[in-house]
Each structure stands twice: as structure tokens, then as C-alpha cells.
Amino acid sequence: KLRKEETMRRRLHNTIQELKGNIRVFCRVRPLLSEEKNASASLPINFPECDDNNEIELAQSSENALGKTTSKVFPFKFDRVFAPQSSQDVVFEEVSQLIQSALDGYPVCIFAYGQTGSGKTHTMQGPDTITSATNEADLGIIPRAVKQIYENTSNLSERGWEYTLEGQFLEIYNETLQDLLAPSSRNTQGSEKQAKLDIYQDNEGHTRVKNITAIKVDSAERVNWLLARAAENRTVAATNCNERSSRSHSVFTLYLCGKNSLTGESSTGVLNLIDLAGSERLSSSGSSGDRLKETQAINKSLACLGDVIAALAKGNRHVPYRNSKLTHLLQESLGAGNSKTLMFVCVNPNSTSAQESLCSLQFATKVNSCQIGTARRQAAS
Ligand code: ADP
Ligand code: MG
């Protein structure tokens, strides 16, 4: 009887999730920072239907050849739009169902896409450094997800479920993988270089990374320790931490293995939480050497991610995972028939960023509209 109930509970939950679609796009507009407040008299963002919460308009003014300023309005529609005043709490409420799916054995990916300074790290993690003194209200998706998982696993244990959670955290920079959880001594310049990280398929066909540090996450507090170590490793590895993080993807992965001692069932879920490299269009014309290589790597991998999601949404047979390290790494979580993907497109509200915001919204529309298949409102021109 217990087994039946448990199966029913999972099935119901996940049917509801499926009805919502396996690929979803949320848009989040960050508030103006205090130092930006006076500078931007007219903001380019409108939320036409506030109760609906899924539309957004971007106005862009430009000067024509005659020196006259004209303005165009570009409307967009997503699965959900979060206005600047939306709290971390409100955002997480919309995400928590997906975290539950990972616990139920589904592969889940949550991405933050957007230009540097648009609120990706705020959304995924919260403040750059999290300590016990951090205000809980500021926490982003990673710490909240882990907390939720702990609360749920203790409930599930009453129904016979035992879970082991293992976390890994890596960075993809210039198409090269870096282990952010390696003991930090290994990341300093010196003799002990990181062992080479390679993506491979294990015996059961799961995509794994060779030589990566996997850490048992045995308490919700452990995740703060883990985030701190990752932050430390990033600082050691870069001369300019912010610059570096804006030019690399960071991928936090949690493997959730559950066994039910009463029913004999087992489940393996994966939760990937990804803070993408800044999407600002980087022109390769002005750059050379390392900078050019870096620029090309970012442009390529973001375009690749868009192609993969679009191919999945269209149901294409061929999905070009192997074109970038990021999509190759996430192949299993992004492709499987039961996988769930959510992309946050993060938007900076400043008029000076209107052009970049437009590009981000158009990228997200490409990812989003493919799935629906019918005409959604496109950017007007
Ligand atoms: P990104 O990771 O995209 O470069 P950040 O997350 O670092 O951007 O955000 C840039 C700045 O804006 C940071 O100072 C961050 O604290 C602030 N910020 C971003 N989103 C919000 C928000 N929703 N509420 C308040 N401050 C935010
Ligand atoms: Mg960031």
C-alpha cells in the first residue's frame, strides 16, 4: 500500500510539472542599484499586465539620420516575468517544484543567462560570499535548494527513503574545466596542478567528470562551506575575480541518490545550477591573443547552449551537444526525455543597457518560443 501511495504521489507531482512544460523561461529584471538611481531618468522597461506577470516591454530609442529621436517598443512574453521588486523568496517559490523533481529522480538544469551585472549570481547564489551572518532573505537558489532538499528528505525518511547527496562545483573557462572544490592548495600556482578533468561516460551511461572533487553534502550548512571554498578557489585562480567570473560558466551539480528500504525502490536525480558567462556581445574585432580566444569561447558556448535547447524543444533527432564543453557536460541532464530545464534571463533595467537587454530577451525568446511551436508574440520591429 505504501509503495502504491508513494508511486502515486510522485506521478501526480511530475504530471503537474509536465503540464507546465519541460523547458521554461523566466525573466527577472533587477532593481536599480542605489548608485544608478539618479542617472536613469527614463527607464526602458515596462510591465504591461502586472497581474499576469508574464509580459515585458522594452523601449529602445535611437537617433535617425536626420537627428530625430525615435523609439520602438519590443514586447515579449515568457512563462513568468519577475519585476525588480520581486524578492528572492518569491522567485524561489516558482523554482521549488523543480527541486522536488530532482529529489524524485529527474535530471534538472536551472540556468541564469544575461549580461554581466544583470543579477545572475544574485539569482543563483545570492551575495558573493555567504556566511552565517548573511541575511536569509538575500539567499539565492543554490542555498535555498539545498535547504529545501534537507527538509524534504527528513519528511521522506518517514516513508522509507534514505538519500545521499554529493556535490561538485566546476567552472568552464575558455572551454577548459576547473575544479572549484579542489583543496585550495592545489589551485595555487606551483607544482601541484589540478589533475586533468575530462568528461566521460560511466558504465551506466551517465556523463561524469574524471578527477573532479565530489563532496558529500551531509547537512544544509555544508553547502555554505562548499560555496566558500569555490569562492576561494576562484580568487586564487584569477587576478580579477569579477572579471574572471563574468567570463566563465560556473556549474554546481548535486547528485541525489535515494533508496527506499520499505519498497525497494531507488532513484537518482541530478540538479544542475548554472551561472553562465556574461552574454554581452563581445566583438572579436578589437581583441587579439588570449582575449580573442576567450571571446570566441564565450560566444560559441552560449550560442551552442541556445542551439541545444532549441533543438530539444523542437524535438529534433540530432542535438548538437558536442559543440561545447558546457552542453557536453550537461548532455544527460538536458536531453533525457524526462529532464526539466529552466532558464532565467536576467535583465539590467538601465537605459544604457537597453541594447544588451534586447539581445538577451531575443535569445530567451528563441529558446522559449520553439517549444510552444505556435506564434508567440515576437519582438516588433
Ligand atoms: P551578474 O552575476 O549577472 O554579473 P550580479 O548578480 O553580481 O550580476 O548583480 C549585479 C549587482 O546587482 C550586484 O551588486 C547585486 O547585488 C545586485 N543585484 C542583482 N540583482 C538584484 C536584486 N534582485 N535585488 C537587489 N540587488 C540585486
Ligand atoms: Mg556574476
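In this predicted model, three strands make up an open sheet, arranged in the order β2-β3-β4, and their pairing is antiparallel. The edges of the sheet are formed by β2 (45-46) and β4 (69-77), each of which pairs on one side only. Strands within a sheet are held to one another through backbone hydrogen bonds, in either a parallel or an antiparallel sense. Here strand β3, which covers residues 55-63, runs antiparallel to β4, and the two are joined over nine bridges; as a point of reference for finding the register by eye, Ser62 stands opposite Thr70 in β4.

From the sheet one can turn to the nonpolar interior. Nonpolar side chains tend to be buried together in soluble globular proteins. The largest nonpolar core of this model holds 78 residues, and the members that touch the most others are Cys27, Ile110, Tyr113, Val345 and Ala364. Helix α7 (residues 289-314) supplies the largest share of this core, namely seven residues. Tyr113 can serve as a starting point for tracing contacts: leaving aside residues up to four places away in sequence, Tyr113 touches Leu276 and Ser279, the run Met343, Phe344, Val345 and Cys346, and also Ser360, Phe363 and Ala364.

The last stop is ligand 1, which has 13 residues around it, with Arg30, Gly119, Lys120, Thr121 and His122 coming nearest. Helix α3 (residues 120-124) contributes three residues, the largest share of the shell around ligand 1. By character, the residues of this shell divide into eight polar, three nonpolar and two charged.

How values were computed:
Residues are numbered from 1 along each chain as its sequence is written. Chains are lettered from A and ligands numbered from 1 in the order in which they are written. This is a predicted model: local features need pLDDT of at least 70, side-chain atom pairs count only at pLDDT 80 or more; totals for chains, interfaces and linings use all residues. A residue is near a molecule or strand if its C-beta atom, placed from the backbone, lies within 6 Å of it. Helices (H or I, at least four residues) and strands (E, at least two) are DSSP runs, numbered from the N terminus. Ala, Val, Leu, Ile, Met, Phe, Trp, Tyr, Cys and Pro count as nonpolar, Asp, Glu, Lys and Arg as charged, and the others, Gly among them, as polar. A nonpolar core is a set of buried Ala, Val, Leu, Ile, Met, Phe, Trp, Tyr and Cys residues joined through C-beta atoms within 7 Å. A residue is buried if 20 or more other C-beta atoms lie within 10 Å of its own, exposed if 12 or fewer, and partly exposed in between; C-beta atoms are placed from the backbone. Two residues are in contact if their C-beta atoms, placed from the backbone, lie within 7 Å. Two strands pair if DSSP finds at least two bridges between them.
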